[in-house]
Amino acid sequence: MGSVNTEKLRFCIDRGGTFTDVYAEIPGHSEGQVMKLLSVDPSNYDDAPVEGIRRILEQYTGQKIPRSSKIPTDKIEWIRMGTTVATNALLERKGERIALCVTKGFKDLLQIGNQARPNIFDLKVSKPLNLYEEVIEVDERIELVSDSKDENHEPSSSESLVKGISGEHVRIAKPLDEKSLTPLLKGLLEKGISCLAVVLMHSYTYPHHEMSIEKLAVSLGFKHVSISSALTPMVRAVPRGLTASVDAYLTPVIKEYLSGFISKFDEGLGKLNVLFMQSDGGLAPEDSFSGHKAVLSGPAGGVVGYSQTLFGLETEKPLIGFDMGGTSTDVSRYAGSYELVLETQIAGSIIQAPQLDINTVAAGGGSKLKFQFGAFRVGPESVGAHPGPVCYRKGGELSVTDANLVLGYIVPDYFPSIFGPNEDQPLDVDGTRNEFKKLAKLINSHRKCQDSSAKDMSIEEIAQGFVNVANETMCRPIRQLTEMKGHETRNHALACFGGAGPQHACAIARSLGMKEVLIHKFCGILSAYGMGLADVIEDTQEPYSAIYSEESIIESSEREAVLLKQVKKKLFEQGFGEENIITETYLNLRYDGTDTAIMVKKQSENNDYSEEFVRMFEREYGFKLVNRNILICDVRIRGIGITNILKPRILQTENESSAKASGFYEVYFENKWHQTPLFKLEQLSFGHEILGPAIIMNGNSTVIVEPKCTAQITRYGNIRISIQSSSAITNTSQNVADVVQLSIFNHRFMGIAEQMGRTLQRTSISTNIKERLDFSCALFDPNGGLVANAPHVPVHLGAMSSTVRWQIDYWGENLKEGDVLVTNHPCSGGSHLPDITVITPVFDKGDNLVFFVASRGHHAEIGGITPGSMPPFSKFIWEEGAAIKAFKLVEKGIFQEEGIIELLKCSRRIQDNLSDLRAQVAANQRGISLIKELIEQYGLEIVQAYMKHVQTNAEAAVREMLKSISVNSVIEEEDYMDDGSTIKLKLTIDSEKGEADFDFSGTTSEVYGNWNAPEAVTAAAVIYCLRCLVNVDIPLNQGCLAPVKIHIPTGSFLSPSDKAAVVGGNVLTSQRITDVVLTAFRACACSQGCMNNLTFGDDSFGYYETIGGGSGAGPTWDGTSGVQCHMTNTRMTDPEIFEQRYPVILRRFGLRENSGGDGVFRGGDGIVREIEFKRGVVVSVLSERRVHAPRGLNGGKDGARGMNYLVRKGDNRKVYVGGKNTIEVRAGDVLQILTPGGGGWGAPPRRE
């Protein structure tokens, strides 16, 4: 594999969605040949990669190769290719017809997934369609056998115990019945479905049933079967099943394409080395290139390309890869080794396999430009390839590409003339400028309305503004990618490639505080070039479940040895010698009680994995867990076949002469036109230095060197740009916001709140915060007005402002630098006691209070009469746990540990509380440092001005929405809690002013129960509903409530006394308020109206979950089934993890068919969840909608009410336990929870 034949050609190809890039090494030529073709051009050729090879071979040999004949292979040494065939098939849902085979009781498992909504403000709850058409439930069951002390289940004579691959013991509770399965599989074939995805419970450790199904299906005539245990033998059924579905859906498409590609060559192809790029950055032969490993094939080539040619050769700094294309931008990081993830989500499908950590942002050259609610907006919608940008002459819409053209960043003279009816015209500059003129009239009219003295913006200023907003949009994910892993963004260099990236490189780097940009000489085709730099990868792993100890390390070493032989054998078969093979050994480790596993690499023969794990965990999460077992999850071997094919070439000696420009063009920088020299990279040499502003044409890519930047040509022929930071220029002399800066500050403020959230997630210890993501972070102005609230949990939205303002009133002048406040009491702006809020006031020089930051997290334990602090029968606040109105958690920089321990002394997990509180303090500190960076850049006056401006902008958006509401000016609505207590709303809308009054007079008094809701909960519900109705990505801040008045009668159960129990108000009543408000607006029918809270445990453990249901139908859409609705969006524990960690067997987890209300549009179905307990525990259920059904709207039928049952072991008595109860269950008892469906919309049509 490492040998070189200098007499033959080598081809590196990236078949993209729009273009196919070909890089060929030609014998006798020092430089490779580059070719770019349309990926789809059926009038000229069948396949772009084949066509590229054909054309280059013709040029090299001088012999004509007809398209009808096969490509001769005698002059080809190897071909390496990446392809987006799989990605495009997944995005466009054009894969193979497949069926899903799953354990009985789990038919809907993959559809439900983790229950979370992709977009919490989307009332339609748009989710990707299932990849499979049919589902077969297999009547089989494997059960995990836990320690004997936990096991009260006696095996019957028909059951057998087996040790699984992971070392866990399993019971074959129900053997696979192939006889009953056979006709079901035959039925699929009769329907034309011949591809199958198989996922069975616990097949990661006991794969035999899946293997038997594969063998049976193949014998019946199925052409492809993907079994989850072979693809990703890791615990967690949902991602494993989704991976199998993706593989079954895509592999036949890939095989068909590869078969067609290979058929175009003569019989000598079998002797060639033909390899394909996988998502993990490694190459694989055709027979092992499958669907689930192919979705990042093209982008992976780019990561290999920049990492292997720039890191260590051009810079020692870690690199941020920035690949900007037409519709999206890929962001990655490299610091000496590839950063891999084991799970990612692409096109709505979770894929569990080793793959490069590439983050895709919906912003590219084709992103649409809009002016909405007084602010510039870029994307996420794209103009697409057809009709494309305005300048493509196809009647398209304005995009980032058009803005770059107007500014001179794209030079039409160097862009192919392929536009117009005859495809022979250049880019349409005049047409683009005309469209910007139309937009300028709208923008300037708005500005004049805001400030009569405002000067009109030119079209260049507008185009520049949109480019600035686009740059900030792309900076946000770069900051997140680096900061979430504990790295400083400014310490990196920006490795820029892709068609549009080099136009934005200087501005992006400056905004991120980077000093260096590197642009490869093949930046336009770097993904293709990267194919030739990649190695062959063989990766295998198996599950191993054990506590990390001397004994388990011995067994893991034995497992490693077996896997090592398997990997080496595969590489030997591909022609690699021992000297060209490197192997890496990993253990996947996690702390007991957490879901955060880290793949730890073996550093030496005497390596202690646990020490490296603790070090890695502490670096990424900021702390270590003392006296906590480390668990082994998986053993993994990664084999690397070193190819040593392409090597970066060093240019000849340094050129001391000055660079000569090929022409001069007008380019717009810093609010004026500059006569700018244009250079061609091929005419530049090592040592040439070019001062900005300048343009460097690099093939089909335009490199923009901005003023105050300097470009140098390196010894490898690449471009290094040194960035000089410049102070921000913002006009604050006007009383109103600059429309460009308004959008940029919106992004910056939201980015700060998001990064606070990522810090909290990284540094917290509890499952609720770290894995279920039950937290929120926000930024406030000096008066406690909300500036930005990252959209984490809806019930927290806007609610923290009440908390901050209460603390301001309470502490007055007693707040000092170094103070941090803590509170959770409902009467001081809290929601319920488990939600603890940590607030940090921030001061300028002296005692000038300039802003606040705050974080709220759901603590798993806060005391109270039941473990988990969610008691179903609490009547008073003190029964629910520790209640803190006001306390200085940190005073003058000193953490008040004794004081907070005293306040939380009733908590059963005090150390976890302290750890999470420290994480919240750290999250706040992160927010403070980011805002101070902003103040350093813009100045305090400007930052505070824009805190106000973003609130005014959100207010304008809500006012516009209220003006457009086509409902009566006064609407009255009411709904009932299950005990009969009423929520009454009188909604008055002033459509002229764009104002609304929410009057809850007539609502029932405080209840003798725990579904009382503090006023902050009602405010959160209202702001959530308004944000859903606006349906535009506006910031969540105080401005949303400015056009709104909320009147809540004191003493009602929406404004209870400080003695009232409230734990259910946050999780139950909040949902009912939301239903009442959305029904008043006639926005959608009622959703399930409940969070279906379930807790169980004993003295040794506790478990808490919320269960999804059906969402309400709307005027143009059906409700969605099996999702978290409205005021929550927390995740569900995977079924296999659920059974692995707790003494339970999940008998059923699926949709409750036909529970959604009928109508023109049907409500979504609820969920059925059946849990068998393997030993006696205490179970608590806190739920609603068991008496009053979720209502339909406009004649639509109601959704089905929820129901909770207990089926007793022995006599199988089925007992209805009601909506709220605490039960002591025995081993073998089964809890059945049937969650409500959503209401329907419109009178149902008559059905046959």
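Reader: Where does K708 lie, and between which strands?

Author: K708 lies in the loop between strand 31 and strand 32 (709-713). Strands (E, at least two residues) and helices (H or I, at least four residues) are DSSP runs, numbered from the N terminus. This is a predicted model, in which local features need pLDDT of at least 70 and side-chain atom pairs count only at pLDDT 80 or more, whereas totals for chains, interfaces and linings use all residues. Residues are numbered from 1 along each chain as its sequence is written, and side-chain values use heavy atoms, with hydrogens and water left out.

Reader: What is the phi of K708, and how should its sign be read?

Author: Most residues other than glycine have a negative phi, and most peptide bonds are trans. K708 is not a glycine, yet it has a positive phi of about 70 degrees. K708 counts as partly exposed because its relative accessibility is 46%; the term covers values between buried (under 20% relative accessible area) and exposed (over 50%), with a 1.4 Å probe and protein chains only.

Reader: What is the phi of R393, and where is R393 found?

Author: Phi of R393 is near 65 degrees, a positive value in a residue other than glycine. R393 is found in the loop between strand 20 and helix 9, and it is partly exposed because its relative accessibility is 30%.

Reader: Which peptide bond is cis?

Author: The bond from G692 to P693 is cis, with omega near 5 degrees. P693 belongs to the loop between strand 29 (689-691) and strand 30.

Reader: How is a sheet read, and what order do the strands 27, 28, 30 and 31 have?

Author: Strands of a sheet pair through backbone hydrogen bonds, either parallel or antiparallel. Here two strands pair if DSSP finds at least two bridges between them. The sheet is open, with 4 strands in the order 27-28-30-31 and mixed pairing. Its edge strands, each pairing on one side only, are strand 27 (663-669) and strand 31 (701-705). Strand 28 (residues 672-680) and strand 30 (residues 694-698) run parallel and are joined by 3 bridges, and L678 stands opposite I695 in strand 30.

Reader: How many residues of strand 38 are buried, and how many bridges join it to strand 34 and to strand 37?

Author: Strand 38 (residues 849-858) has 9 of its 10 residues buried, so it is largely enclosed by the rest of the structure. It runs antiparallel to strand 34 (residues 775-780), with 6 bridges, and antiparallel to strand 37 (residues 835-843), with 9 bridges. R856 is the bridge partner of S776 and also the bridge partner of T837.

Reader: What span does helix 10 reach, and which of its residues are buried?

Author: The expected span of a helix is 1.5 Å times one less than its number of residues. Helix 10 (residues 429-450) has 22 residues and reaches 31 Å from its first C-alpha to its last, close to the expected 32 Å. Its buried residues are G431, T432, F436, L439, A440, I443, N444 and R447. Their cover includes strand 19 (367-372), strand 20 (375-382), helix 9 (400-407), helix 11 and helix 16 (739-763). At the start of helix 10, a side-chain oxygen of D428 reaches to within 3.5 Å of the backbone nitrogen of D430.

Reader: How many residues has the largest nonpolar core?

Author: A nonpolar core is a set of buried Ala, Val, Leu, Ile, Met, Phe, Trp, Tyr and Cys residues joined through side-chain atoms within 4.5 Å. The largest has 151 residues, and those with the most contacts inside it are F376, F436, I721 and F749. Helix 11 (residues 459-483) supplies the largest share of this core, 11 residues. Apart from it lies another core, of 84 residues, among them F276, A294, I350 and I1171.

Reader: Is S1121 buried or exposed, and with which residues is it in contact?

Author: S1121 is buried, because its relative accessible area is 14%. It is found in the loop between strand 46 (1101-1106) and helix 24 (1135-1141). Contact means heavy atoms within 4.5 Å. Leaving aside its neighbours within four places in sequence, S1121 is in contact with Q111, G1109, L1151, G1164 and D1165. A polar atom of the S1121 side chain lies 2.8 Å from the backbone nitrogen of D1165.

How values were computed
Polar contact = N/O pair within 3.5 Å; in protein donor to acceptor, adjacent residues only side chain to side chain.
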